[in-house]
Every structure is written in C-alpha cells, then in structure tokens.
Amino acid sequence: FEPRCFHELIAHRCIRALKTVPADHAAPQLYTVVHRRTCSSVTTPRITTHYTIHPRDKDPRWEGVEMERFADEADVVIVGGGPAGLSAAIRLKQLANEQEKELRVCLVEKASQIGAHTLSGACLEPSALIELFPDWKERGAPLHTPVTEDVFSILTEKYRIPVPMLPGLPMNNHGNYIVRLGNFVRWLGEQAEELGVELYPGYAAAEVLFHEDGSVKGIATNDVGIAKDGSPKDVFERGMELHAKVTMFGEGCHGHLAKQLYKQFNLRENCEPQTYAIGLKEVWTIDEKKWRPGRVEHSVGWPLNRNTYGGSFLYHLNEGEPLVALGFVVGLDYTNPYLSPFREFQRWKHHPFVAPTLEGGNRIAYGARALNEGGIQSIPKLTFPGGMLIGCSPGFMNVPKIKGTHTAMKSGMLAAESAFAKITDENLNSETTGLHVPEYAENLKKSWIWKELHAVRNIRPSFHNYFGLYGGMVYTGIFYWVLRGKEPWTLKHCGLDSAQLKPAKDCTPIEYPKPDGKISFDLLSSVALSGTNHEGDQPAHLTLKDDSVPVARNLAIYDGPEQRFCPAGVYEYVPLETGEGMRLQINAQNCVHCKTCDIKDPSQNINWVVPEGSGGPAYNGM
C-alpha cells in the first residue's frame, strides 16, 4: 500500500547526515574465549556490531553525524499490520466516522507490503470478522473455502489411528474457513485504507519513546544507511518519531518492543512465563485427483515422541487450483538439543497417510513463525500509561483450536473501543501525558475471548505428565469435553522454554533421513521459497549480548542447538581460519523473522531487533 501521506513523510525525513564517514574505521574488537571442546584459547572477531549492543556515542565514527529525528503527531499509533493492528485501526475509524469526529490513526508495519510477513495455518473462525464487517461477503473478503470435512489422527511410524471429531471438541472446525492469512490481512489493509487509516509499510518500529512522566509517547522507526561494521554510510538517514495519545502494540508473537515494555512497566509480575511453539508451513500444488477442497486434517504423534508437544495440519484450499497448505508445530519446551523442528516436519511428510497426497505435486512456498501457547495463565498486564498490548503480542491464541486470528482481531476491536471513548472524552483529566486505558483489560475480561481461553486453560499444561501426549488427550476428553473446562484449578507450565534443554551429553542424537528432493527438502532450498531478503551491508539484527557465549556455552554444553532450532539456517558453527576451534557465523540475510532464536536460546544471549525496513520474508498469501 502506498501511504496516504507518503510524500509528506519522505519530505520531512530529508534531514540527512551531510558529513562523510571517516576513512580510519575502527578495527573490529576481538574476544579471547576458551573453547571447552578443544581445551584451547582462541581469539574470535566481534560478531555483533549493532548499536543496541555497541552505543554510537562511544564510537568515534559517529562523531559529527546529524542525529535529529523528525516527529509527527497522531491520535493513535499502531505497531504491526496484522489481524489485531488492522482490526483496531478499522474499528477506530468506524467509530470516528459514525460519530463524525476527526481521528488520525497511523499504522507502521515492518514488511514491505501489508501481509508480506504474515504466516499462519490457517483455519479461520469468522466470529470477530462478522462483528467487524457484517457485510464481509459483499466486501469480497478472501474466505473461499468453508470447511467440509474434519479428520483427526494419532500417527505411529507406519499407521494411523483415527480419532472421532465429536461436537464440542476444540478441534472441531464446523463453520470455519480455510484461508491464506496473508491474503486476508492484505484485504483488511484495503478496508483500513478506505476508511482513512494511514498505513506505512516498510517502516519498522525500532524504539519506544517515553514522556518525562514515564508514560509512552509513541515510537521511533528504524534508522537506515548503516554499514555492516556499524559505521554510518553516506546515505545514512535517521528514523522518524510518531507520537500519539495512545500507542497500540500488535507486533505479533514475542514482539521486540513488547519485551522492553514488560520490563519497563513490570507487566509480567502476576502471570506465568509465556511458552511457545514454532510452526513451519509449506504450500503445494497437487494432483487434482487427490484434491478435496474443504478437507481439514490434523494429527499428533509420530515423528515426535510422547513427551514432545506438537502436531500437524494439512488443509485443502479451494482457490481455483489444487492447492494444499501443510505444516508442523513443535512446542519450544522440548528437551533434546538435537531435535530439529524443520527436519521433523520433512520426516512427517513421508508418513504413509501424508505422502500419497503430495506425490507428484510441487512445493511453491515455505515459511515459519513462532506462536504463543501459554494461554490465559501467561497473559501479562495489558495496559500502561500511554499504551496497550493487542493480539498475539500478549498471546490470545486458543492452543487446542490452533487458532488465534479471531481472538487477536477481537482484542484489537476492544482496544479501539476502549481507547476511542477515552480519547474523545472532552472532560477527561489524565494523570499522565500518555493516556492510560485500563478499561481495555476490563472489557476484554467481560468478552467471549476470556470465556473461551479460560475454558481451555488446562489443555496445554496437561501434557506435562509421565504419559505426555496420551495423558494430555485423556485429560482433554474428561475435563474439557465433559466438564467444558469448569474444573476448579488451573495447571501451571514448566517455566521458560529456554530453560528446558538438557545438556547434549545426556541426550541421544537424532538421525534424520536425507531429503529426497520430491517430498522432503533441504533447508536452504526451503528458505529460498520464503523470498526473504535483507540489505547485505547492514549490521546483523540477530544481536548477541556477549559474543563469547555461543562457543563457550551453547556449543560446549548443548552442541550448538541454534543450528537446529532455527528454521532458516541463520546460525552456523564453522571452523576458525586458524583451524583451531569453532566460531558462530550468523547468516542474518536468511532470517524469516520467526523469533525462535530469541525464545529458545538456552543462554538467552540472542536479542532479535528489527532490521532495516522492508527486510524479511516476502510471503505471498501464507
């Protein structure tokens, strides 16, 4: 989308650095670390050059560079152009138009186009959409495939055990639609723009801004024109500031700004740690004879063991050609550092129940994204002076349903309604410059979101038992299907996913079969299908708090799990040029922005920050 006042924005952003870069660039810093596996002292070059780790005010190369930022004002700023952010923007403008009030709503999105970073299964429950646009069919919403058939299976290595899909079970998809969520989000963007929302794709929100009283003032977009070594280029340009009465953070799962807000306002004080999964997805064209539009298949079991949470989906789309969307989800609380979610996915496709659908087909897309699985126990405080958290950022996903789009949309709508009432209250006396809207959390707890998430709160943590998967399924059958989640207790999760890995010496390496190039594939050819791209000459946005930790701890204790849990081949341990010891190589250009590394790193040494705007995957309807 071309932003409504894009030309004005560009004009204001023309405050550029006029001074050239000094020729005598500082030499890269070196670290001396002990490589435990070889018991030798080795020197490795600095890996991280990003200014969040190495401040510019201490770097002589930045002396004299103009750092002033242009600031613009809006009533509401929304971070993230996903279902939650766009639903909030749409609802705000609907209310403003209904009441004939002027309201400026600006939305920034790090992808080059609205929907380009969106990835989900996705089987959409249309409840929130119906509330937002009762006439969604007339408006041409891309919901083309109503669910006609529901299949659920427990897989063993060679066989399938069918599970009856009883009415009332969370996996029952009667009344839902199979969608390509990126296309749906793009359509939401069109509706938002028609209503007068200002959309700014390609602008990544890099920093939270605060008033002197501590309330949120808005956000700053990322700087551009920084070289890989951290020095300013001739074309360096400072980001811009967007100030607002209320800022809504809808960054999606494990948002980079939300992490800062959790600490700033202690938002996680009264909730459990969030727990996550990684979801990997492919889109295929298949033989038309095997195509069953509207069919939804889910499975649990093989190739995962009973104590590793996860499962699969395979959806038959009806969009004019024989397309299927398939994927695999692995809970990030797994314990074996040798497990590779990507390879488990590739292995699953060879199951006798799955492979026949894909044989003779053609894979056309690949991607991955982390998802929240903590449920109601892990939802943080949602409001703070000047801002609020919406959508998958705080985590409203219904885990057993594997659905979070409808709850994300509804949270955005509730945030919009709560904020609009306060912004337009002429008699409002606010204690802080940034408006605090606690009514949002109150309204959310009165909504169907809270009721729905409360009913399923124990299903995910019930898998933490000796019998694992099977114990969890028994629990679901008794306490959800029979009692509808009304048991008078709430189970807890196991803690941070990053703390669950066992040392490599205590685990058995997993031998994965080689990909056949027909049904299963290697990692790099898969990443190529994601369309991901980053400007090569920029600091890696996968930053390390301490460059010595990967070799000294992650490789030494856990045999380098980054190499396996990353679904894009970003992290790679390679021999040092001296031939003695190893070093971590970060292939940041491969990153698909899934956030798995930030979540699962056992040292919590990786901090994902935004790259230059427009960088990342280029999903076409994922």
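Helices, meaning runs of H or I of at least four residues, and strands, meaning runs of E of at least two, are taken from DSSP and numbered from the N terminus. With that convention, Ala122 is placed in the loop between β5 (105-109) and β6. The peptide bond leading into Ala122 from Gly121 is cis, with omega near -5°.

Before continuing, I should state the basis of these values. The model is predicted, so local features need pLDDT of at least 70 and side-chain atom pairs count only at pLDDT 80 or more, while totals for chains, interfaces and linings use all residues. Residues are numbered from 1 along each chain as its sequence is written, and side-chain values use heavy atoms, with hydrogens and water left out.

A second cis peptide bond joins Trp302 and Pro303, with omega of about 10°. Pro303 belongs to the loop between β19 and β20.

Those two strands lead to the sheet. It is open, has seven strands in the order β9-β8-β19-β20-β21-β18-β22, and its pairing is mixed; two strands count as paired if DSSP finds at least two bridges between them. At the edges are β9 (160-163) and β22 (362-372), each of which pairs on one side only. On average, neighbouring strands are turned by 20° against each other, direction ignored. Such angles run from 0 to 180 degrees between N-to-C directions, and axes are lines fitted to C-alpha atoms, for helices over the stretch in contact.

Within the sheet, how many bridges join β8 to β19? There are seven, between residues 149-155 of β8 and residues 295-301 of β19, and these strands run parallel. Phe152, for example, has His298 in β19 as its bridge partner. Helix α6 (residues 341-348) packs on this sheet, touching β8, β18 (276-285), β19, β20 (310-318), β21 (322-331) and β22. The direction of α6 makes about 135° with that of β21. Contact here means heavy atoms within 4.5 Å.

I turn now to helix α4, residues 181-195. The expected span of a helix is 1.5 Å times one less than its number of residues. For the 15 residues of α4 this gives 21 Å, and the end C-alpha atoms are 21 Å apart, which agrees. Is α4 largely enclosed or exposed? Of its 15 residues, 11 are buried, so α4 is largely enclosed by the rest of the structure. Buried means under 20% relative accessible area, exposed over 50%, and partly exposed in between, for a 1.4 Å probe and protein chains only. Among the buried residues are Phe184, Trp187 and Glu193. The buried residues of α4 pack against α2 (83-98), β6 (123-124), α3 (127-132), β11 (198-201) and α8 (405-423). Just after α4, Gly196 takes a positive phi of about 105°.

Two of those partners, α2 and α8, also meet each other. Their axes come within 7 Å and cross at roughly 35°. The contact includes Arg91 and Leu95 in α2, and Met409 and Phe420 in α8. Its residues divide into 11 nonpolar, four polar and two charged.

Finally, two residues other than glycine have positive phi. Ile402, in the loop between β24 (387-389) and α8, has phi near 55°. His593, in the loop between β27 (582-586) and α15 (596-600), has phi of about 60°. Which of the categories applies to Ile402 at a relative accessible area of 35%? Ile402 is partly exposed, whereas His593, at 3% relative accessibility, counts as buried.

Terms used:
Nonpolar A, V, L, I, M, F, W, Y, C, P; charged D, E, K, R; others polar.
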